[in-house]
Amino acid sequence: MKLPGYYSSGQFAHMAGVSVRTIRYYDRQNILKPSYVNQSGARFYTDSDLARLQQILLLKYLGFSLEDIREMTIGDTDYHFLKNSLNLQKKLIQDRIEQMQLVELAIEDTVHAIEEEHQIDWSQMLELIHLTSMEKSLKLQYQNATNISARIRLHADYSVNRQGWFPWIYGHCNITEGDQILELGCGNGALWNENISRLPAHARIVLSDISEGMLRDARRNIGQQDARFSFHTFDCAKIPFSDCSFDLVIANHVLFYCQDLPCVCEEIRRVLRPRGQFLCSAYGNDHMKEISELVRQFDSRIVLSAEKLYDRFGLENGKAILQPYFSSVDCALYEDSITLDCAEPLIEYILSCHGNQNQILLDHYKEFRAFTEKKTAPGFYITKHAGIFLCHV
């Protein structure tokens, strides 16, 4: 019996230009389920299923794994998942192009060595292998960068204080002409992007991060043509600069990630010049507490952060941690909060966190979205408790 508006598996596969075997495979992988299954087990699909399949095929062509696609096709109304994922893939493609150009040069050098010297340079061959095995690590780095961007967007778009965090931070830097500046954990370079017009023409800024992926984002956002900036990948516990190199060192939401804080503080103190300044930011215990309460109301098993980062370094204990290394330590608070009446940016923020939320929420996404929409509809208030420590040598 023909069902109006429904297509059999064969018809559906023919319309999409794929095999029935492919349709069945996506069904087994829980990526594309049929809209209707009759008593005999025959599967039927609709036009909306075809649109979803076209999205899956496009994402697969762009290089996404089935695991990626499963997360990205959560719901047709959640376009931010697709947008963020496509931006991630765009960055990976840009890196693949750069990577393949390096591979091409390595092959040309190896061929040249064989022709001229009749021998293989095995070190070049090992470098070639290294270049072609970078993709997994690049993807992980960019996923981390994408998650940070999601958290920044919630603050940027819905904070009550319209001055903005990064302009406020910059205002406390007191940068003058000729200053030598080091930022540890620069992320995507947002501090400088938002204040580029205020930056003196002859300041020199070293941007560093332990993640090459985030540093690539910063380089692309700021532009490689701006001679004031240089970019370096290193761990802030081992700063590769000589003593007394900088007038200002900045660590924006970085210190609570450091495993060896005394070593990091000693390194920062070492590279600062006499009368130099160290500016670092921290959160307080109440920061964003309403979001944690929201997810625990939905499922008490959810923990958005596996570590209590504020206990390691926060507004409550930061001054005591810094005082042994600096002659003076002052604290300034950023007065702000977040209010919103829509669920999407809040869900995006929650899914970007470091905890176990995705293991639970992605299997119950529709219920969680409905729950969050109900909570945010009348207006949702979020506490922000953040500030900076200004330390002088």
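**Arginine 43 and two helix environments**

In this predicted model, the side chain of arginine 43 makes a polar contact with the side chain of aspartate 27, at 2.5 Å. The side chain of arginine 43 also reaches the backbone oxygen of glycine 41, here at 3.1 Å. Arginine 43 lies in strand β3, which covers residues 43-45. With a relative accessibility of 34%, arginine 43 falls between the limits of 20% for buried and 50% for exposed, and therefore counts as partly exposed.

The surroundings of arginine 43 bring in other parts of the sequence. Leaving aside residues up to four places away in sequence, arginine 43 touches Tyr7, Ser8, Ser9, Asp27, Pro34, Tyr36 and Val37. Tyrosine 6 is 37 residues from arginine 43 in sequence, while their C-alpha atoms are 9.5 Å apart in space.

A helix pair comes next. Helix α1 (residues 9-16) packs with helix α3 (residues 47-61) at an angle of about 50°, and their axes are 11 Å apart. The two helices are therefore oblique to each other, and their crossing is right-handed. On the α1 side, the contact is made by Phe12, Met15 and Ala16, which meet Asp47, Asp49, Leu50, Leu53 and Leu57 of α3. Six of these contact residues are nonpolar and two are charged, with no polar ones.

Helix α15, spanning residues 344-351, is mostly covered, with seven of its eight residues buried. The buried residues of α15 are Pro345, Leu346, Ile347, Glu348, Tyr349, Ile350 and Leu351.

Note on methods
Residues numbered from 1 in each chain as written. Predicted model: local features only at pLDDT ≥ 70, side-chain atom pairs only at ≥ 80, totals over all residues. Heavy atoms only, no water. Buried < 20%, exposed > 50% of the residue type's maximum accessible area, 1.4 Å probe, protein only. Helix = DSSP H or I, 4+ residues; strand = E, 2+ residues; numbered from the N terminus. Contact = heavy atoms within 4.5 Å. Polar contact = N/O pair within 3.5 Å; in protein donor to acceptor, adjacent residues only side chain to side chain. Axes fitted to C-alpha atoms, helices over the stretch in contact; angles between N-to-C directions. Parallel < 35°, antiparallel > 145°, perpendicular 65-115°, else oblique. Left-handed = near helix turned anticlockwise from the far one by under 90°. Nonpolar A, V, L, I, M, F, W, Y, C, P; charged D, E, K, R; others polar.
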